[in-house]
Amino acid sequence: MQIVSVEPFILHVPVTGDGIADSTHTLSHWGAPGVVLRTACGLAGYGYTGTHAHLPTDRLIAACIGETFGPLLLGEDPRAVRALWWRMNRHAPAQWVGRGGITHLAIAALDVALWDLKAKAAGQPLWQLLGGSAGKRIAAYNTDYGWLSLPEDRLVAGMREAVARGYRGVKMKVGSDDWRQDARRLAAVRRAIGPDIALMVDANGKWDLPTAQRFGPALAEHDVRWFEEPIWYDDVEGHRRLAEAITTPIALGEQLYVLDQFRSFIAAGAVHYVQPDAVRLSGITEWWQVAELALAHRLPVVSHAGDMVQIHLHTAIAHPACDSMEYIPWLRPVFTEPAEVVDGHYVAPRQPGAGTTLREDALARYGVG
């Protein structure tokens, strides 16, 4: 079980339709810089992170995987995941240039690949290796019908379609220059889906505190389950003040890179739904630390997907703080066992590993750089 090679890759996979946009980003492709770890016994572990398919920065991540952290793993037993994660996180040259961002994304891809190998060596899906039960039901809420770039009629039609397909929850993007436009769209969506479907909104950090506060009554009127990333991602005090001013719970976490950032938000009472992302954090190992922190404060964990569904499905099944998860289908064509939703709930994966094994044609079809 010694690691004998570290093989970075970069995938750029088309997103839904002609592209999507939220309040701060416009995308035509989703990027997945990643790595294959090969062992002397023939097993291979696959890990990846997620980006906006910007090739220059994706190359930086791939180089960081292959040249900075990958050499630390050569000759090592991948089953010692936590010890290897600690070695990568405490690598002095990388610490000096940053304890988040590109270095964390690179460690994340490697950590996921290590967990994939550990589960494959045990002959189990990762959720089972982590102590989960196949009988646990993880509800799926659909974000892929709710983009801000959609005109109101298509937004409403898409939300109706999601409900017709069995989803019991949907999320829509907000963050227009005029918050009243978003309030009108929110009202139209609630009328379309009825009172029994969970409805979430996400501003992707666009608004300032006064604007988010003014939007609060519309959230309450339409029974919104949570207000996601309402203001700038790092503003702990602003989120705390917003949480005191409105009745709708706040969700955040996809833009937080380290455990300590989550600790600050939780300690301040500035978050109610904790949304860690294993590929923004330094992998499944740090994701689990955040989930345990949330559980200790009796807060639910609803992982950010950004099409990291493959990884987070395993952690959601395994961790007691999780009972629902976002669904975005962009990367389905690249995996041997893509995540599946039936009657509004995820199906437990069956193949050994973390669900990250690439199809044989994935690199040929989507590989770049």
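Biologist: Let's start with the pair of helices: does helix 6 pass helix 7 in a left-handed or a right-handed crossing?

Modeller: Happy to start there, and keep in mind that this is a predicted model. Helix 6 passes helix 7 in a right-handed crossing. The residues that make the contact are Glu152, Leu155, Val156, Met159, Arg160 and Val163 on helix 6, with Arg185, Ala188, Val189, Ala192 and Ile193 on helix 7. Eight of the contact residues are nonpolar, three are charged and none is polar.

Biologist: At roughly what angle do the axes of helix 6 and helix 7 cross?

Modeller: The axes of helix 6 (residues 152-164) and helix 7 (residues 179-193) cross at roughly 30° and come within 9 Å.

Biologist: Next, helix 4. How should I read its span, from first C-alpha to last?

Modeller: Set the span against the value expected at 1.5 Å a residue. Helix 4 (residues 102-122) has 21 residues and reaches 31 Å, close to the expected 30 Å. Just after helix 4 comes Gly123, with a positive phi of about 70°.

Biologist: Why is helix 4 described as largely enclosed by the rest of the structure?

Modeller: Count the residues under 20% relative accessible area, the cut-off for buried. In helix 4, 17 of the 21 residues are buried, so the helix is largely enclosed by the rest of the structure.

Biologist: Can we use that cut-off on one residue? Is His312 buried or exposed?

Modeller: His312, found in helix 12 (residues 309-318), counts as buried because its relative accessibility is 1%. Leaving aside neighbours within four places in sequence, the contacts of His312 include Pro276, Asp277, Trp287, His304 and Met325.

Definitions and conventions: Residues are numbered from 1 along each chain as its sequence is written. This is a predicted model: local features need pLDDT of at least 70, side-chain atom pairs count only at pLDDT 80 or more; totals for chains, interfaces and linings use all residues. Side-chain values use heavy atoms; hydrogens and water are left out. Axes are lines fitted to C-alpha atoms, for helices over the stretch in contact, and angles run from 0 to 180 degrees between N-to-C directions. Helices (H or I, at least four residues) and strands (E, at least two) are DSSP runs, numbered from the N terminus. A crossing is left-handed if the near helix is turned anticlockwise from the far one by less than a right angle, and right-handed if clockwise. Contact means heavy atoms within 4.5 Å. Ala, Val, Leu, Ile, Met, Phe, Trp, Tyr, Cys and Pro count as nonpolar, Asp, Glu, Lys and Arg as charged, and the others, Gly among them, as polar. Buried means under 20% relative accessible area, exposed over 50%, partly exposed in between (1.4 Å probe, protein chains only). The expected span of a helix is 1.5 Å times one less than its number of residues.
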